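This briefing is meant for someone looking at the structure for the first time. Please keep the sequence and the 3D view open while reading the points below.

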Amino acid sequence: MPLWLKITTGVLSVALVGALAFAGFWFLRLQNNLSKAPLNAGGGNAEPVSEATGRMQILILGSDTRDGKNAGYGNADDSKGYGKSDVMMLMDISEDNKRVSVISFPRDLLVDIPECTDGETKQTFPARSGVMINEAMNEAGIGCAVDTVNQLTGLEVDHFMMADFNAVKELSKAVGGVNVCISDAVHDPDSGLRLPKGTSAVEGEMALAFLRTRHAFADGGDLGRIKAQQGFLSSLTRKIKDEGTLSDPGKMLKIADVVTQNLTVDEGLASVPSLLTIGNRLKDIDISKVAFAAVPTTPALIDPNRLQIAEPAGSQLFAAMRQDIDLTDPTAPATPAPSKTAAPPTAAPSKTAPPLPPYDKAIQPVTVANGSGVPGRAQEILQALIGGGFSQAAQFEATAVEQSAVYYGAGFEDVAVDVAAMLKIPAAQTLLAPAVSGVQVYLGTDFTSGATYGGSVALPKDVVNQTAGDTLCQPANPFLIVPS
């Protein structure tokens, strides 16, 4: 072998060994950084999806635990248990990798938490009603938060990522600060946030204060805080995209090292290749198609200091998400779910019968039986009926069926015909049922969204707070503005 070939072969061999050693070092380092926990706490698991191309929903949580590196933010009592979810967002990546929706859940939102079993202690905690959503993971772990979101939305979350306070500080440092904008100079003594009017680059403790403050923005409530968090993430997205971070191995390794040291993921996501694959999916998405929204809410009836889902807007948003609708384009029609069975060969109510005397809609006994398989689905139909004058309408959960129908008892044929027409349920599915008292709308799996049968989903007005392409200034809370 010629001397030059020996030298070249030797150099290449050393370079290859060095590259493999470098790659192996970083793979093991990042892999060992990750902490993992069960995806669910109720015994079920999501069907695996393709990490590269499948539609994927990831629940992103910010823990308020004061354990370990976070001890300086509270006392020993604050670090007990799993902690509460200080931030809860559902990231939905479309199957074609062309858009992302990020839905925020206010931590003051009152929800029903299902029965959950702690994966470590095996202790089972009973279901609870009217509990703040940030309590969901406090007893039985992160999987209980996932189960709660699944039950609330009718979706099936594929993965979760939970970060603590330290993750925010270190990530903001790793990217060299994140630009945020505020309408007026503000100081919040509780969080330590102090910013001048206009745009500032925040990192470390100030970035954490910006995300944690409950009082600095808008009216000092949770909804103003959510919009500020979404503004921070929008700015972070723009910076990462503009600087080509997702395509730069060096920058990616730096950020990955910081994030994985402070990240807990589900067992299905606890591998570096999986995380890199998801990151690769996001790098080419148009930032105008990264939409930030929040669950529509209204002050809770049982406690005005808490929130409840505003209907029918909440049901409309969840229905749009189940149908994978582009939130940035509300005019795009949804694809209605096809009926799995043909309509039964039952004659429609007679159209030639003599006219019946008029009736008072406000006193008619109309109920909605939710057999759609989607928890809370009856709310939107109930609101449509009430809006149409059937103010005594009520609802209940029922056994799932494939085809929707309107059943009526003796003497209620005319009411049933009007109800079916309002909901656009075919006449062939309007049936006499002597055991029914009044009229019953029985929702099936062919009617899981929208207020009309076979119709498109109506999105709530202004559901998108902003996209990652929008640069917005957060309005300061007037009570915390610092005089200039």
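Which residue just after H2 takes a positive phi? In this predicted model, that residue is Gly 154, whose phi is about 80°. The points below begin with helix H2 and then turn to a sheet of five strands and the helices that lie on it.

**Helix H2**
- Helix H2 covers residues 142-153, twelve residues in total, and spans 17 Å from its first C-alpha to its last, which is close to the 16 Å expected at 1.5 Å a residue.
- Most of H2 is covered, since eleven of its twelve residues are buried; among them are Ile 142, Cys 144, Val 146, Asp 147, Asn 150 and Leu 152.

**The order of the sheet**
- Five strands form an open sheet in the order E19-E18-E22-E20-E21, and the pairing within this sheet is mixed.
- Strand E19 (394-397) and strand E21 stand at the edges with a single partner strand each, so one side of each is left without a neighbour in the sheet.
- From one strand to the next, the twist of the sheet averages 25°.

**Strand E20 and its two partners**
- Strand E20 (residues 405-408) pairs with strand E22 (residues 439-443) in the antiparallel sense, and four bridges link the two.
- Within this pair, Ala 405 stands opposite Tyr 442 of E22, while Tyr 407 stands opposite Gln 440 of E22.
- E20 also pairs with strand E21 (residues 430-432), here in the parallel sense and over three bridges, with Val 406 standing opposite Thr 430 of E21.
- As general background, the strands of a sheet pair through backbone hydrogen bonds, and they may do so in either the parallel or the antiparallel sense.

**Helices on the sheet**
- Helix H10 (residues 413-423) joins with E20 and E21 to make a β-α-β unit, and this unit is right-handed.
- H10 packs on the sheet, where it touches E18, E20, E21 and E22, and the direction of H10 makes about 35° with that of E22.
- Helix H9 (residues 378-387) lies across strand E18 (366-370), E19 and E22, and H9 runs at about 165° to E18.

Conventions
Residues numbered from 1 in each chain as written. Predicted model: local features only at pLDDT ≥ 70, side-chain atom pairs only at ≥ 80, totals over all residues. Heavy atoms only, no water. Pairing = 2+ DSSP bridges. Right-handed = clockwise from strand over helix to strand, strands pointing away. Axes fitted to C-alpha atoms, helices over the stretch in contact; angles between N-to-C directions. Contact = heavy atoms within 4.5 Å. Expected span 1.5 Å × (residues − 1). Buried < 20%, exposed > 50% of the residue type's maximum accessible area, 1.4 Å probe, protein only.
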